[in-house]
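Let's take a walk through this one together, from the whole chain down to one small sheet.

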Amino acid sequence: MPADLILEIGVEEFPAKAMPSTLAALAERGRHALNEARLVPGGVRAFGTPRRLTLVAGGVPDRQAPVTVEARGPAVKAAFDAGGQPTKAALGFASGQGVPVSSLERRPTPAGEYLYAVRSDPGRPALDVLAEILPQLIAGLEFPRAMRWGTVDFKFLRPIRWLLCLLGSEVVPCAVAGVASGRETYGHRALHPGRVTVPEAGSYLAQLEGAWVMADQDARRRAIQAQVAALAAEVGGVVPADPELLEEVTQLVEYPTALRGKFDARFLKLPADVLITTMKHHQRYFPVLGGDGQVLPHFITVRNGDATGLETVRRGNEHVLTARLEDAAFFYGEDLKVPLADRVETLAGVTFLEALGTMADKSRRLEQIAAGLARLAAGVLPGLDSALAARAGKLAKADLTTAVVKEFPELQGYMGREYARLSGEAQAVCQAIDEHYRPRGAGAELPGTPLGIVLAVADKLDTVAGCLGVGLNPTGSQDPYGLRRRAAGVVATLLAHDLPLDLKAAVGLVQAAYPEAVREQIAAALPAILDFLRQRTRGLLAEAGHRYDVIEAAMGTAGADDPADARRRCRALERFRAEEGFADLVVGFTRAYNIAGKAGEGPVDPARFTEPAEGALYSALERAGPPLRAALRAFDYDRFFREAAALRGPIDTFFTEVFVMAEAEAVRTNRLALVRDVARLLGAGADLSKLAGDERVAGEGR
């Protein structure tokens, strides 16, 4: 009969941030392993607490599903001798398959007649199979930094201390890292430190609940959310949504009990970001906001345990937070004694990267690059001023020398904005200093103001081009300088605001801002730098749902280094793909493209036409050229593709009535030049040669 399977890996305190990905991998690998072992479960889930990783599979059969196994053996001519007696090849094959020679079947194949063994595999008991595959499942879990312990030759993220493994009421006999499986687990470290015997898999969650452990992380998350919201509401506040903090707290506790503490209202004079960062990043507290969005003098934390002695726990947390806020208030007061602009010179003592100079050098580059980008984008982003961009670039990194940022590195940018405001800088400059670090992580908020966009792009391109220029390239999964993330941030920002920007020109601004030696290195690495950025563009366009061949077609043209333009071409091409004219466009282009490569660079000479179809195609090209080029300049790719498709008629007539590869060299060269111009004009909107086959155009124009 089917039964539930429980595999619990008891560990020393598992890192909270690693838990979600580990549970996802455990569930996926567990499902795959059971399916491959022909023990198909009714459902698979993974649970986790700081002390355990648990795989739960419902409805696991007590025996493998039976299968019929076929195996091909030797060729018949090698399996039997001249007298028809089986050779060693046939005998060995039959023995290896566990069947008599007489049961082997002869079957014709394209390679000749072969022997086949057909046998029925009734399947093995599930306990025997699970004893083999579950240790392999555990050993197969991968971690960026696994560890060894004791004398065991085994690696895991944390030491394994116990192993519970039950199929229904039976123990699955296995061992991992010298730890044998059993039916015992452990409850809450403080509230129920002793062993818990689990008689059968179905009672696992309930018995842990009785031992003060909420093994289901989803249930813990819901409990924390409800408790936190209720405590905040008691003081007329709310807790802002913070999925990352909620997830971390969920994975730090086994039995959550939320409590509310308070701090002295005098600390409310500190910037809100300082208060929130002190609570979240350093103490894992939930800040409480009032109806006006301002921070209230309260915090909510979650203890790993019950409500016993909660008042003592509250006082302890309040004491710790007060000490942290006292430090922050002191550092903030010291920082205010020096205007932000006066700190720029002290950046000379902060190294950016050894090969790329100090933060003072970077500040000077940002001043120049941001001003240049502002001039490039002035016609698209309203209100851009190159002088303000230069000012923002100069001040962007100045807060790195402040005491608050040294103590709380997470506040870089935020404090720069605050200190710039208090120093009397323009509001646009203050906001840009904050925004230039965006996005601060995958899926995080992007810069939103014109000046913030320019400064964010300038900062990231400076790092990407500089590092790649001097050979600090990411390798495989190693990217110590976050170049992939920065490049993706540049592209994501340009796409989010549909901002046309030629990245080749932008990298040119970066290159010009570096000293001559690095400038030459960037020039040499320019193809690699642009390809690095293009790969990020391809990736983000693919994430947005665009077809790979459409992306390649769009980026095979002048739009390759302009992410926003490449997306416009993708969208227009995908819209046009659904129209009847798409086949005309692709076939017309393909017929010309197939031989255009044989043409030179000389102009077309109408005086050398000898066939009416030549003149007709040339005239059609002359008429179509100006409006098509105007459509490209206006980024109106829908119009370009529709009007370009209209050239199909004269192109087909030309190829039907004209022999391009004429014997006369002058005529042949002229016809090839005409075909070349057709391919170039039709391919100016997208490199149509990159498009995958389409059922409507398959075989045409070949």
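Here is the overall picture, followed by a closer look at one sheet.

First, some ground rules: this is a predicted model, in which local features need pLDDT of at least 70 and side-chain atom pairs count only at pLDDT 80 or more, while totals for chains, interfaces and linings use all residues. Residues are numbered from 1 along each chain as its sequence is written, and side-chain values use heavy atoms, without hydrogens and water.

Zoomed out, the C-alpha trace spans about 105 × 100 × 45 Å along its principal axes. The chain's radius of gyration is 35 Å, where a compact globule of 702 residues would come in near 27 Å (taken over C-alpha atoms; the globule rule is 2.2 Å times the number of residues to the power 0.38). Of those 702 residues, 50% count as buried, meaning under 20% relative accessible area with a 1.4 Å probe, protein chains only.

The chain has 25 helices and 17 strands, which are DSSP runs numbered from the N terminus (helices: H or I, at least four residues; strands: E, at least two).

Now for the sheet. It is open, with 3 antiparallel strands in the order E4-E6-E5; strands pair if DSSP finds at least two bridges between them. E4 (67-75) and E5 (105-109) are the edge strands, each with a single partner, so one side of each has no neighbour in the sheet. E4 and E6 (residues 112-121) pair over 7 bridges in the antiparallel sense, and Val69 sits opposite Arg119 in E6.
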